[in-house]
Amino acid sequence: MSKLRILYVASEITPFLKTSDVADFVRKLPQDMQERGMEIRILVPRFGLINERKNRLHEVVRLSGINISVGDEEKPLIIKVASIPTAKLQVYFIDNEDYFHRKYVFHDKEDRFYDDNDERAIFFCKGVLETVKKLGWSPDIVHCNDWMTALIPLYLKTTYKNDPMFKDTKSVFTVYNNSFEHRFNASDLVEKAKMMDIDDAMLSHLETGDFTGFIKIGCAYADAVVNAGKTEHDSLNTILNEIAEHKLDLDEAETNVSERYFNIYTQLAS
């Protein structure tokens, strides 16, 4: 088998930003896979907490300049890049002034969930796929982590399924218990999430407008779903049990996590 190409997508990565265990996971697993001979790309949002000067981010002009539609609006996509100092890994950052130039991640200083976090997630998911197209880099696996990346498996199975860059791409969706209580306007959310070749029925999981809706849609369209092992959330367990035919449970104390993912990737790509 030729060298597998794996795209990791998440809302955070150590050392640039850490709000949960996702950041450490997305820092460690790509390096493990790279050491096994796989070709790696990593994409995350450029949240305002990330200090560009300290982390030596710089804009990739050839990748920037695309407009991403979110509902009726189009927002400019800016791509930045930085290297992880202790590894031969580059991280690409999806940026937009309206969505990411804030001092906080998902909550404001009064700990209120941002009303437009749905738009930020949609912009990010669409932006990731457009960035990969512009890179001219065709991934074998797109590994999506947590709710903010949940629309990517849907987009890969619909709008992008006939794109030469993604025609053989498989997706993995890892679920974490980073739930939120906020409820978005469901009809607005469905309209904003739409793309070509997507009808309302495909977006029916989002009609709850909540965290579980995002998890459900990610689970419904991903080729493999992984439970990261921290799901005390009852509704989350119910969702995961419903899609058991392509679900894998990872125990928190498991030491061979990299081996498990390596096997998932190679099976999906074979």
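Here is a short chat between a student and a tutor about how features of this predicted model get their labels.

Student: What should I keep in mind about the numbers?

Tutor: This is a predicted model, where local features need pLDDT of at least 70, side-chain atom pairs count only at pLDDT 80 or more, and totals for chains, interfaces and linings use all residues. Residues are numbered from 1 along each chain as its sequence is written, and side-chain values use heavy atoms, with hydrogens and water left out.

Student: Why is Asp95 called buried or exposed, whichever applies?

Tutor: Buried means under 20% relative accessible area, exposed over 50%, and partly exposed in between (1.4 Å probe, protein chains only). Asp95 has a relative accessible area of 1%, so it is buried. Asp95 is found in strand β6 (residues 89-95); strands here are DSSP runs of E with at least two residues, helices are runs of H or I with at least four, and both are numbered from the N terminus.

Student: What makes the link between the side chains of Asp95 and Lys80 a polar contact?

Tutor: A polar contact is a pair of N or O atoms within 3.5 Å; within protein, one must be able to donate a hydrogen and the other to accept it, and residues adjacent in sequence count only if both atoms are side-chain atoms. The Asp95 and Lys80 side chains come in at 2.7 Å, and the side chain of Asp95 makes another polar contact, with the side chain of His101, at 3.2 Å.

Student: Which residues is Asp95 in contact with, leaving aside neighbours within four places in sequence?

Tutor: Contact means heavy atoms within 4.5 Å. The list for Asp95 includes Arg46, Glu52, Phe100 and Phe123.

Student: Why is strand β2 described as largely enclosed?

Tutor: Strand β2 (residues 39-45) has 5 of its 7 residues buried, so the rest of the structure largely encloses it.

Student: How do you know that β2 pairs with β1 and with β6?

Tutor: Two strands pair if DSSP finds at least two bridges between them. There are 5 bridges between β1 and β2, in the parallel sense, with Arg5 partnered by Glu39 of β2. Another 4 bridges join β2 to β6, also parallel, and Leu43 stands opposite Tyr92 of β6.

Student: What makes the axes of α1 and α9 worth describing together?

Tutor: Two packed helices are described by the angle between their axes and the distance between the axes. The axes of α1 and helix α9 (residues 257-269) come within 10 Å and cross at roughly 65°. Among the residues making the contact are Phe25 and Leu29 of α1, and Tyr261 and Phe262 of α9. Axes are lines fitted to C-alpha atoms, for helices over the stretch in contact, and angles run from 0 to 180 degrees between N-to-C directions.

Student: What stands out about the backbone at Thr14, Pro15 and the two aspartates?

Tutor: Most residues other than glycine have a negative phi, and most peptide bonds are trans. A cis peptide bond joins Thr14 and Pro15, with omega about 5°, and Pro15 is in the loop between β1 (5-9) and α1 (21-35). Asp111 has a positive phi, near 65°, and Asp146 has one near 75°.

Student: How do you know whether Asp111 and Asp146 are buried or exposed?

Tutor: Asp111 has a relative accessible area of 58%, so it is exposed, whereas Asp146 has 4%, so it is buried.
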